[in-house]
Amino acid sequence: MNRREFIAAAAVSPAALAGVGEQQPAGAPATARPLSITLLGTGTPAPSLERQSSGYLIEVGTDLIVWDHGPGAHHRLMESGHRTIDVTHAFFTHLHYDHCMDYGRLVLQRWDQGADRIPDLQVYGPPPIARMTQQLFGEDGIYGPDIRARVEHRSSLDVFEARGGKVPRRRPAPRVTEIHAGSVVEGNGWKVTVGHAQHVQPYLECLALRLDTKEGSICYTGDSGPSDTIVELAKGCDILIHMNHYFSGTEPSPAYRMACGNHRDNAEIARRAGVKTLVLTHLLGQIDQPSVREQIVHEIQNVFTGKVIWGEDLMRLTVAGARVSTIESRQG
Ligand SMILES: [Zn+2]
């Protein structure tokens, strides 16, 4: 092993080392993949080893898109078999920390492993996502001193060059676009329509997302209570990912119900929107119990005649035409 190999082996995980520049170029899979969504985090802000906080991964064509990236979501992304450097786009529905805390990890690890050889991450989210990005990665930002050290210190540049980078090294520069309800983002064979979520306004701008391709459609409410705007956005979609925070009737206040979905409200939304599959997520430990789980699904099925899925971390749903064709759960 020569000096260069030693540095690379010491600095890069075997999987990443095998990938960058050798097997397939980062951010550009050789072939288009079937449209699918993997649940990276189906939990809440509450600490849990079973359910990480909110995060979803969409494989569409040659793009790999994350929708929200809460704490633990990035770990799940790697567990799902994907590489940090292959993520092309990140969307955020709102800036509650359980939906965005792994943003820093995604950007910094992608920048570090990518070694200036992959395109900048494209980021979409409600304000103040641009300011947050600047506050995290700008020269005066939280990670500013670390970034400067990695851009300037010879030891870091040794690693950077071993990964194929050429000095001078660029700083991380996510391409941020602020979005609002009504925004439309078009990609290579896909379109994301942004809707209004009913959550914790006016403190945070809260959005829902719908992705359409010729293969099918996926709608994600972000976090939302019962809302006509969600019904409108989700109309006829193949998969609706909906917050199902708690058991109907146990809400401490009307405000709580309006901000966080309960299962009977969600059944009505899925029925009115005419979706094919409803995936329940953002599940509190109180309802994530045998018999409670079954009761919730049963009561929803009394109202909504489509398929109901109790979300689990690392569950992967593939949309083939109008149906969910495979489900792979960590629990088997
Ligand atoms: Zn929230």
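1. Disulfides. The structure, which is a predicted model, holds zero disulfides. C237 is accordingly in no disulfide, and the nearest cysteine sulfur, that of C219, lies 5.1 Å away. A pair of cysteine sulfur atoms counts as a disulfide within 2.5 Å, so C237 and C219 do not form one. C237 is buried, with a relative accessible area of 0%. C100 is another buried cysteine, with a relative accessible area of 7%.

2. Overall make-up. The protein has twelve helices and 15 strands. Of its 332 residues, 54% are buried. Contacts between residues at least 6 apart in sequence were also examined: 64% of these join residues at least 24 apart.

3. Helices α5 and α7. Two packed helices are described by the angle between their axes and the distance between the axes. For α5 (residues 103–114) and α7 (residues 144–152), the angle is about 0° and the axes are 13 Å apart. Angles under 35 degrees count as roughly parallel, and therefore α5 is roughly parallel to α7. On the α5 side the contact involves L108, W111 and D112, while α7 contributes I147, R150 and V151. By class, the residues of this contact are four nonpolar, no polar and two charged.

4. Helices α7 and α8. The second pair to consider is α7 with α8, which pack at an angle of about 70° with their axes 5 Å apart. Because angles of 65 to 115 degrees count as roughly perpendicular, α7 is described as roughly perpendicular to α8. The contact is made by A149, R150, V151 and E152 of α7, together with R154, S156 and L157 of α8. Three of these residues are nonpolar, one is polar and three are charged.

5. The buried side of α7. Which residues of α7 are buried? They are G144, I147 and V151. These residues cover an arc of only 65° around the axis, so they lie on the same side of α7. The buried residues of α7 pack against α5, α6 (129–137) and α8 (154–162). Two of them, I147 and V151, also appear in the contact with α5 described above.

6. The buried side of α6. In α6, the buried residues include I129, T133, L136 and F137. Their arc around the axis is only 70°, which means that they are on the same side of α6. The buried residues of α6 pack against α5, β5, α7 and β6. Helices α6 and α7 thus each have buried residues packing against the other, as the entries for α6 and for α7 show.

7. Cis peptide bonds. A cis peptide bond joins P127 and P128, with omega at about 5°. P128 is found in the loop between β5 (122–125) and α6. The peptide bond from V167 to P168 is also cis, and its omega is near 0°. P168 has its place in the loop between α8 and β6 (175–178). The reader may wish to locate both bonds in the structure.

8. Positive phi angles. D68 is a residue other than glycine with a positive phi, near 65°. D68 lies in strand β3 (residues 63–69). Is D68 buried or exposed? At 0% relative accessibility, D68 counts as buried. A115, which is likewise not a glycine, has a positive phi of about 50°. A115 is found in the loop between α5 and β5. A115 is buried as well, with a relative accessible area of 1%.

9. The surroundings of H245. H245 is placed in the loop between β11 (239–243) and α10 (254–259). Its relative accessible area is 8%; since buried means under 20%, H245 is buried. What is H245 in contact with, leaving aside its neighbours within four places in sequence? The residues concerned are T44, Y256, C260, G261, H282, L284 and I287. H245 and G285 are 40 residues apart along the chain, and their C-alpha atoms are separated by 9.3 Å.

Key
Residues are numbered from 1 along each chain as its sequence is written. This is a predicted model: local features need pLDDT of at least 70, side-chain atom pairs count only at pLDDT 80 or more; totals for chains, interfaces and linings use all residues. Side-chain values use heavy atoms; hydrogens and water are left out. Axes are lines fitted to C-alpha atoms, for helices over the stretch in contact, and angles run from 0 to 180 degrees between N-to-C directions. Helices (H or I, at least four residues) and strands (E, at least two) are DSSP runs, numbered from the N terminus. Angles under 35 degrees count as roughly parallel, over 145 as roughly antiparallel, 65 to 115 as roughly perpendicular and the rest as oblique. Contact means heavy atoms within 4.5 Å. Ala, Val, Leu, Ile, Met, Phe, Trp, Tyr, Cys and Pro count as nonpolar, Asp, Glu, Lys and Arg as charged, and the others, Gly among them, as polar. Buried means under 20% relative accessible area, exposed over 50%, partly exposed in between (1.4 Å probe, protein chains only). The arc is that of the directions from the helix axis to the C-beta atoms.
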